[in-house]
Amino acid sequence: MVENVIFDVDGTLVDSVDEHAEAWRRSFIEFGRDIPFAHVRSQIGKGADQLLPVFFNDEELERFGKDLEEDRSARFKREFLPKVRAFPRVKELFQLLRKRGRKIALASSAKDDELKRYVELCGIDGLFEAKTAKDEVDKSKPHPDIFEAALAKLGKPDPATVVVVGDTPYDALAAGKLHLASVGVLCGGFRAEDLRTAGCRTLVKDPAELLRRLEAEPEIWPWDEASRDTSKDEESR
């Protein structure tokens, strides 16, 4: 029985993937690298420590990696964070989970100040037991550090009682390294096939669909649900 739910945030609870990708893309241009938007977007879900080496070599990162990351962070907060919106019914989903006795943690590659803004947008302050942000771990997804930190804050529960909800293959891969089951949401724009391949056992369109399914069936989490999930209609996204 699932007793603990760990949520990714960007692309899962808030609609921010395109904004992050464009902020990175524009910062890359400032540092001499014009990368197609789609290529950058495919890496969103990783923190800078895992994303930057995809596009720059070690020598380049030694010279200007820190400056690039700072440029991206300032650019995102200035130009893109004001555009980010919460996906519908996130607050109601958290309220239902809490009503049913589930413990909730947030596990995000965002910096702490960004994460605080997302919590405000979703209206979920006080509706979760723990949160972990980029500043608290050494390595970001697909490394499992962020989920390990969340588990510690939840009291180190049995992995069999935990499910991770995320929008990227990197969430599922990180969860799998800790033997945690994962539910994929398609609202972040990643392909259903990629989420399944990474290890998601169940797919839903977005937090609102997850809420509807939980309302209709008190336990969505048994994995035979995956055989009749509604995500197939979304595979053309």
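This briefing walks through the packing, one bent helix, the cysteines and a few backbone oddities of the structure above. Keep in mind that the model is predicted. The headline items are a 38-residue nonpolar core, a kink of about 65 degrees in α4, and a count of zero disulfides.

**The nonpolar cores**

- The largest nonpolar core is built from 38 residues, and Phe7, Leu13, Leu93, Phe94, Leu106, Tyr118 and Ile124 make the most contacts inside it.
- Two or more residues apiece come from β1 (4-7), α4 (58-80), α5 (90-99), β4 (103-107), α6 (112-122), β6 (162-166), β7 (181-185) and α10 (207-216).
- The largest share belongs to α5, which puts in five residues.
- Phe94 is a good place to start looking: setting aside neighbours within four places in sequence, Phe94 is in contact with Phe7, Leu13, Ile104, Leu106, Ile124, Leu127 and Phe128.
- There's also a second, separate core of 17 residues, including Ala130, Val137, Ile146 and Val162.
- As background, nonpolar side chains in soluble globular proteins tend to be buried together.

**Helix α4 and its kink**

- The bend in α4 is centred on Phe64 and comes to about 65 degrees.
- End to end, α4 spans only 28 Å between its terminal C-alpha atoms, whereas a straight helix of 23 residues would span 33 Å.
- Asn57 caps the N-terminal end of α4, with a side-chain oxygen 3.1 Å from the backbone nitrogen of Glu59.
- The buried residues of α4 are a mixed bag: Glu60, Leu61, Phe64, Gly65, Leu68, Arg72, Ser73, Arg75, Phe76 and Phe80.
- Cover for those buried residues comes from elements including α1 (17-30), α3 (48-55) and α6.

**Two residues at 0% accessibility**

- Ser27 sits in helix α1 and is buried, at 0% relative accessible area.
- The Ser27 side chain reaches the backbone nitrogen of Arg72 at 3.3 Å.
- Apart from neighbours within four places in sequence, Ser27 is in contact with Leu68, Asp71, Arg72 and Arg75.
- Ala150 belongs to helix α7 (145-153), and Ala150 counts as buried because its relative accessibility is 0%.
- If you skip residues up to four places away in sequence, Ala150 touches Ile6, Ala105, Ala107 and Thr132.
- Ala150 and Ser182 are 32 residues apart in sequence, and their C-alpha atoms are 15 Å apart in space.

**Cysteines**

- The structure holds zero disulfides.
- Cys122 can't pair up because its closest cysteine sulfur, in Cys187, is 11 Å away, too far for a bond.
- Cys200 isn't in a disulfide either, and its nearest cysteine sulfur, again that of Cys187, is 12 Å off.
- Cys122 is buried at 7% relative accessible area, and Cys200 is buried at 9%.

**Backbone oddities**

- For context, most residues other than glycine have a negative phi, and most peptide bonds are trans.
- The peptide bond from Lys141 to Pro142 is cis, with omega near 15 degrees, and Pro142 lies in the loop between β5 (130-132) and α7.
- Arg89 has a positive phi, near 70 degrees, without being a glycine.
- You'll find Arg89 in the loop between β3 (85-86) and α5, where Arg89 is partly exposed at 36% relative accessible area.
- Lys156 is another non-glycine with a positive phi, about 55 degrees.
- Lys156 is placed in the loop between α7 and β6 and counts as exposed, at 68% relative accessibility.

Technical notes. Residues numbered from 1 in each chain as written. Predicted model: local features only at pLDDT ≥ 70, side-chain atom pairs only at ≥ 80, totals over all residues. Heavy atoms only, no water. Core = buried A, V, L, I, M, F, W, Y, C linked by side-chain atoms within 4.5 Å. Buried < 20%, exposed > 50% of the residue type's maximum accessible area, 1.4 Å probe, protein only. Helix = DSSP H or I, 4+ residues; strand = E, 2+ residues; numbered from the N terminus. Contact = heavy atoms within 4.5 Å. Expected span 1.5 Å × (residues − 1). Bend = angle between axes of the 7 residues up to and from the residue. Polar contact = N/O pair within 3.5 Å; in protein donor to acceptor, adjacent residues only side chain to side chain. Disulfide = S-S within 2.5 Å.
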